[in-house]
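Work through these exercises with the structure open. Each task is followed by a solution in steps.

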Amino acid sequence: MNQDTIAAMATPAVPSAIGILRLSGPRAVETASACFRPAAGNRLEDHPAHKLVYGSLLDAQGEVIDQVLCTYSRGPGSYTGEDTAELQCHGSPMVLTLGLEALFAQGARQAGPGEFTQRAFLNGRLDLAQAEAVADLLDARSREGARHAAGRLSGALSRRVGQIYSALVDVMAHFHAVLDYPDEDIDPFTLTKLEDDLSAQSRALHDLLATYQRGRRLNQGVRCALVGRPNAGKSSLLNALVGYDRAIVTDIPGTTRDTLEAEVELGGVPLRLIDTAGLRDSSDPIERLGVERSRQAMEEAELILVLWDSSVPATQEDGELLETALSLAPTILIHTKTDLPSAPVPFLNLSPLPPVVELSTKTGEGLADLEAAVAQLFPKGSDSAYGELLSNARQAQAAQRALEGVERARQALEAGMTPDALLTDVEEALQALGELTGQSVGEDVTARIFQRFCVGK
């Protein structure tokens with residue numbers, strides 16, 4: 001139980017319509033009350049919890065610095081599980097600073113990064129997967145990413161993991177109940193039922209792990225390299241996609257000497273665009289270094305956009321670049337500058353053929369086709385509910401260890417080992433699933449024995 005009260009700005013310290021100061025801890029309400037004077041002339045505590053109260057914010061010397069709204073909540077029914085209070089001020093950085101100093105003068109201390117959510121986790125208001133979802137929601141790079149983060153925050157992933165966890169607890173509880181309580185009227189344990197249960201949870205874990213790739217891409221974005229010869233239109237395309245002049249564009253080939261990154265949502269997919277130097281042989285050491293970085297960006301990319309200038313004939317180097325890209329990652333071929341008279345397009349003797357988009361960044365024609373091509377390469381999938389995706393490596397590793405434990409148990413059963421010998425593997429799977437959500441296995445098995453098999457018998 002935390003004995004100190006923390007306070008922090010819950011909004012950025014920049015001029016805005018509203019700025020918020022937040023407190024949590026055993027003296028949160030008293031601290032806020034000392035710095036807030038209700039317009040009705042009474043105390044903050046005289047008003048009901050969860051109700052906005054209008055009044056004045058006072059600085060450390062008791063002088064009025066703003067007219068604000070204040071509300072408070074009592075633990076354990078608050079976000080952090082502790083007493084909390086919130087002051088909604090005008091978004092003046094100076095008002096927020098003076099208000100925070102007044103709260104510190106009353107004994108509150110500055111909250112550390114993420115400490116409100118940390119307290120919510122420690123007090124059982126959020127599990128670990130939900131706490132991680134808070135950061136994912138703040139950093140969401142796309143609409144889909146935000147929806148899935150909100151789903152995880154509401155407990156969608158935890159419930160999905162919980163179903164697998166509960167089924168494995170049932171396996172262990174049934175086995176122990178038969179052995180430890182022979183006088184109870186409990187259905188005998190059969191190897192066929194055990195094999196069916198383990199196989200079902202193995203499939204469930206396989207399905208869960210299969211969500212990681214999509215969850216990671218929604219969370220971190222897809223690395224997308226824009227490659228092509230100098231002056232093929234790579235920087236113009238990057239600027240068109242982000243909506244402003246992020247990269248310098250000139251008619252001089254080789255303007256881009258280094259990789260340049262920007263983030264954009266395209267076709268519902270968050271992309272980390274990497275504008276690269278034009279690929280060509282050069283005697284300029286700086287340009288050669290840029291070309292080398294371009295090739296490295298291709299090798300690390302999860303999506304490659306190969307740009308061909310449609311106003312000039314394609315070369316053998318263009319074809320070789322396309323073949324290299326196709327061997328590295330999903331690729332889209334883009335014929336740029338379609339607003340200019342076009343040169344003959346060569347026949348592509350490739351199998352399978354990449355998606356081809358005709359595009360002009362000057363007129364905007366073809367941008368919608370590019371969006372559709374990206375969406376087709378990275379489909380939304382058939383997610384049964386928002387938030388049921390693994391979103392980071394820690395979660396995926398825990399799910400992988402759980403799957404390995406269940407698979408070891410299932411294979412041991414097939415090899416003819418007795419159930420008691422394989423329950424250690426099931427317990428390891430439970431431990432891994434507990435780590436995924438921050439749940440302790442504790443006495444779950446014993447509790448389930450009494451809930452399912454002994455109570456009322």
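**Exercise 1. Determine which residues of H13 and H14 meet, and classify the packing of the two helices.**

Solution. The model is predicted. Begin with the contact list. From H13 (residues 393-414), the residues are Arg394, Gln395, Ala398, Ala399, Arg401, Ala402, Gly405, Val406, Arg408, Ala409, Ala412 and Leu413. They meet Leu422, Asp425, Val426, Glu428, Ala429, Ala432, Leu433, Glu435 and Leu436 in H14. Sorted by class, the contact of H13 with H14 holds 13 nonpolar, 2 polar and 6 charged residues.

Next, the geometry. The axes of H13 and H14 come within 8 Å and cross at roughly 165°. An angle over 145 degrees counts as roughly antiparallel, so H13 and H14 are roughly antiparallel to each other. The crossing is left-handed.

**Exercise 2. Repeat the analysis for H7 and H14.**

Solution. Take the angle and distance. Helix H7 (residues 191-209) packs with helix H14 (residues 419-437) at about 25°, and their axes are 13 Å apart. Angles under 35 degrees count as roughly parallel, so H7 and H14 are roughly parallel to each other. The handedness of this crossing is left-handed.

Now the residues. H7 brings Leu191, Leu194, Leu198 and Leu205, and H14 brings Pro419, Leu422, Val426 and Leu433. The contact of H7 with H14 divides into 8 nonpolar, no polar and no charged residues.

Then look at H14 itself. Leu422, Val426 and Leu433 of H14 meet H7. Leu422, Val426 and Leu433 are also in the list of H14 residues that meet H13.

**Exercise 3. Are H4 and H5 parallel or antiparallel? List the contact.**

Solution. The axes of H4 and H5 come within 8 Å, with a crossing of roughly 155°. That value makes the two helices roughly antiparallel, because the cut-off is over 145 degrees. H4 and H5 cross in the left-handed sense. H4 contributes Gln130, Ala133, Val134, Asp136 and Leu137, while H5 contributes Ala146, Ala149, Ala150, Arg152 and Leu153. The tally for H4 with H5 is 7 nonpolar, 1 polar and 2 charged residues.

**Exercise 4. Find the buried residues of H8 and what they pack against.**

Solution. H8 covers residues 212-220. Its buried residues are Arg214, Gly215, Arg216, Arg217, Leu218 and Asn219. These pack against helix H4 (128-138), helix H5 (143-153), strand S8 (222-228) and strand S10 (269-275). After H8 comes Gly221, with a positive phi near 90°.

**Exercise 5. Lay out the open sheet that contains S8 and S10.**

Solution. Write down the strand order: S9-S10-S8-S11-S12-S13. This gives 6 strands in an open sheet with mixed pairing. Strand S9 (260-266) and strand S13 (356-358) are the edges, and each pairs on one side only. The twist from one strand to the next averages 25°.

Then zoom in on the S13 edge. Strand S12 (residues 331-336) pairs with S13 in the parallel sense over 3 bridges. Leu333 stands opposite Val356 in S13.

**Exercise 6. Trace the strand pairings of S2.**

Solution. Strand S2 (residues 16-24) pairs with strand S1 (residues 6-9) in the antiparallel sense over 4 bridges. Ile6 has Ser24 in S2 as its bridge partner. A hairpin through 6 residues joins S1 to S2. S2 also pairs with strand S6 (residues 84-91), in the antiparallel sense over 8 bridges. There, Arg22 has Glu86 of S6 as its bridge partner.

**Exercise 7. Check the backbone of three loops.**

Solution. Start between strand S5 (64-73) and S6, where Pro76 lies. The peptide bond from Gly75 to Pro76 is cis, with omega near 5°.

Move to His50, in the loop between strand S3 (36-38) and strand S4 (53-58). Its phi is positive, near 65°, in a residue other than glycine. His50 is exposed, at a relative accessible area of 57%.

Finish with Asn231, in the loop between S8 and helix H9 (234-242). Phi of Asn231 is near 70°, again positive in a residue other than glycine. Asn231 counts as partly exposed, at 30% relative accessibility.

How values were computed: Residues numbered from 1 in each chain as written. Predicted model: local features only at pLDDT ≥ 70, side-chain atom pairs only at ≥ 80, totals over all residues. Heavy atoms only, no water. Axes fitted to C-alpha atoms, helices over the stretch in contact; angles between N-to-C directions. Parallel < 35°, antiparallel > 145°, perpendicular 65-115°, else oblique. Left-handed = near helix turned anticlockwise from the far one by under 90°. Contact = heavy atoms within 4.5 Å. Nonpolar A, V, L, I, M, F, W, Y, C, P; charged D, E, K, R; others polar. Pairing = 2+ DSSP bridges. Buried < 20%, exposed > 50% of the residue type's maximum accessible area, 1.4 Å probe, protein only.
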